[in-house]
Amino acid sequence: MAPQRYKIIANNGFNIVIFFTAPTPQGAAVPEAQRAKVSPRPPQGGKTRTVTCKNAAAADRRLGDFRKKRIFGLRNSSASGVAPPGVAPGGQSGKSYPSMKRLIPLLCLLLTGPCVWAQGFEKNLLGVRTGLEVACIRARGEYVRGTTDPRLGFRFAVSDQVLLWRGLPLYIESGVDFSSRGGRYEGCSFRPMYLQVPLLLTWRFGIGKQSCIRPFGGLCYGVGIGGKARTADAWSDLFGAAGFLRRSNLGIRLGVEVSIRRICIQAGFDAGLCNLFAGNGSQTPLLPAGISDLRSRSVSVGIGYDF
């Protein structure tokens, strides 16, 4: 029976030639022409390697093993002495690719990490604050420039912190503040009272299971609701037709807060951006001549509780 010849040429320079013949009785010798041969194409200066199989089934197994090695990048090119492209000598690939067993858990961790991390963040925090405030008034004019003596006042606030994004401890804070500010100048005490609405951004840094540090900053708008200027002889209005201060005030607020369990200790600084001087063309005897610009400054410390 004439043998059927099939020729397969691989990309790595191997020629695989398989001969299929009729089955050979057990114990009989197999002619050399009926044996399957797998021989590499000899490169320049190389030697030929011949592998002989006893039958067609063994040749199929050889071919299958060779294809697996070629697919998974485990082929050995020591016979030819030349490494295939992208494969370093010794059969190891020059480029290392991460294993899928490592990529899948890492991908799951990245997708579910923010949700797991956000489980400790409260979506809404209501709180109350009270404390002391040291305030002064910064004055500028044609002939004068300076700051009044500080005056000690008080502050009371109700705040609400809302979580902006569940994956980050970033909050927006607002509320209502009541504060007593002012200053002292040559025996006269200015005592304006403001109702303020802050709009702040805050970030909570955890320093333990039940403690955090919370820096905050933003804008604060205030409206003067009343106030008097006290001298040794009388009391004078600060707002209105008889006063010399504007009611509206916009400022910057910066500060930091430390929370232990639900108790908060806070320190902050407020700087007014608006000119508080009424500018009606008249001068008050309570201030030096030539004053044209008044701006508030204050430093506060307090304690509070978050619900």
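**Exercise 1.** Which residues does Leu-238 touch, not counting residues up to four places away in sequence?

*Solution.* The model is predicted, so that local features need pLDDT of at least 70 and side-chain atom pairs count only at pLDDT 80 or more, while totals for chains, interfaces and linings use all residues. Residues are numbered from 1 along each chain as its sequence is written, and side-chain values use heavy atoms, with hydrogens and water left out. With contact taken as heavy atoms within 4.5 Å, Leu-238 touches Phe-190, Arg-191, Pro-192, Gly-227, Lys-228, Ala-229, Gly-243, Phe-244 and Leu-245.

**Exercise 2.** Determine whether Phe-244 is buried or exposed, and describe its surroundings.

*Solution.* Begin with the location: Phe-244 lies in the loop between strand E13 (235-237) and strand E14 (248-260), strands being DSSP runs of at least two residues, numbered from the N terminus. Its relative accessible area is 8%, and buried means under 20% (1.4 Å probe, protein chains only), so Phe-244 is buried. Beyond four places in sequence, its contacts include Phe-190, Leu-238, Leu-276 and Leu-294.

**Exercise 3.** Identify which strand gives the largest share of the largest nonpolar core.

*Solution.* A nonpolar core is a set of buried Ala, Val, Leu, Ile, Met, Phe, Trp, Tyr and Cys residues joined through side-chain atoms within 4.5 Å. The largest one has 16 residues, and those touching the most other members include Phe-190, Leu-238 and Phe-244. Strands E5 (124-141), E10 (188-203) and E16 (291-306) each supply at least two residues of this core, and the largest share, three residues, comes from E10.

How values were computed:
Buried < 20%, exposed > 50% of the residue type's maximum accessible area, 1.4 Å probe, protein only. Helix = DSSP H or I, 4+ residues; strand = E, 2+ residues; numbered from the N terminus.
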